[in-house]
Amino acid sequence: MIVVPFRCRSFLVCCLLASVAAGSGCGGRSDLPDLGRVSGVVTFNGKPVPSAKVVFRPMGDGGGRMAKAVTNEAGQYRLIYLEYPSMIYGATPGPQMVVITTLFHGDDPGGPKPETLPACYQGPETVLKVDVAPGKKQQIDWKLDDKCGQ
């Protein structure tokens, strides 16, 4: 008969439990909704809008997590649903209120930047709305103008 010291037994039990938990999907992503993978381009009066924050906020009773992105120099964005512990791209399916702003606060890289877009694209009064399809890749371009799309 082999005698295993108590400390070793505790370690072996912990290893066994950890491997069972990992194999059973514990900590997996089964709780995520069927995300719509959204990307696109933001332009204002026909020109790309670099460094704009794009936020999709789910509307209605279902709620859900916001998805966000920052445009590159060409005005392109790709929505991020979760950043930690690993990057998950997409947005909650269903109707969304969309906020686009160029206003960056002091804690943002490069310091504060002024707003260059009309107020109709920002905050709870935004005129931007869209429906995100579940499990599909979607190209959603935003062609913004001084007249707020009217």
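Over the ring of which residue does the charged end of Arg65 sit? The ring is that of Tyr81, with the charged end of Arg65 5.7 Å from its centre. A charge counts as sitting over a ring if NZ of Lys or CZ of Arg is within 6 Å of the ring centre and within 35 degrees of the ring normal. Arg78 does likewise with Tyr89, as the table shows.

| Charged residue | Ring | Distance from ring centre |
|---|---|---|
| Arg65 | Tyr81 | 5.7 Å |
| Arg78 | Tyr89 | 3.5 Å |

Before we go on, a word on the model. It is a predicted one, in which local features need pLDDT of at least 70 and side-chain atom pairs count only at pLDDT 80 or more, while totals for chains, interfaces and linings use all residues. Residues are numbered from 1 along each chain as its sequence is written, and side-chain values use heavy atoms, with hydrogens and water left out.

**Overall picture**

The protein chain has one helix and 11 strands, with the helix leading in the pattern α-β-β-β-β-β-β-β-β-β-β-β. These elements are DSSP runs numbered from the N terminus: helices are H or I with at least four residues, strands are E with at least two. Of the 150 residues, 33% are buried, meaning under 20% relative accessible area (exposed is over 50%, partly exposed in between; 1.4 Å probe, protein chains only). Contacts are heavy atoms within 4.5 Å; among those with a separation of 6 or more, 61% join residues 24 or more positions apart.

**The disulfide**

Searching the whole structure turns up one disulfide, defined as a pair of cysteine sulfur atoms within 2.5 Å. Its partners are Cys120 and Cys148, with sulfur atoms 1.8 Å apart. The link of Cys120 and Cys148 is left-handed, at -90° about the S-S bond. Distant parts of the chain are joined here: Cys120 belongs to the loop between strand 8 (94-101) and strand 9 (129-132), and Cys148 to the segment after strand 11 (142-144), 28 residues apart. Both Cys120 and Cys148 are buried.

**The aromatic pair**

There is also one aromatic pair. Rings of Phe, Tyr and Trp (its six-membered ring) pair if their centres lie within 6.5 Å; planes under 30 degrees apart are stacked, over 60 edge-to-face and the rest tilted. Phe56 and Trp142 meet edge-to-face, 6.4 Å centre to centre and with 75° between the planes. Phe56 lies in strand 3 (residues 53-58) and Trp142 in strand 11, so the pair ties together parts 86 residues apart in sequence. Like the two cysteines, Phe56 and Trp142 are buried.
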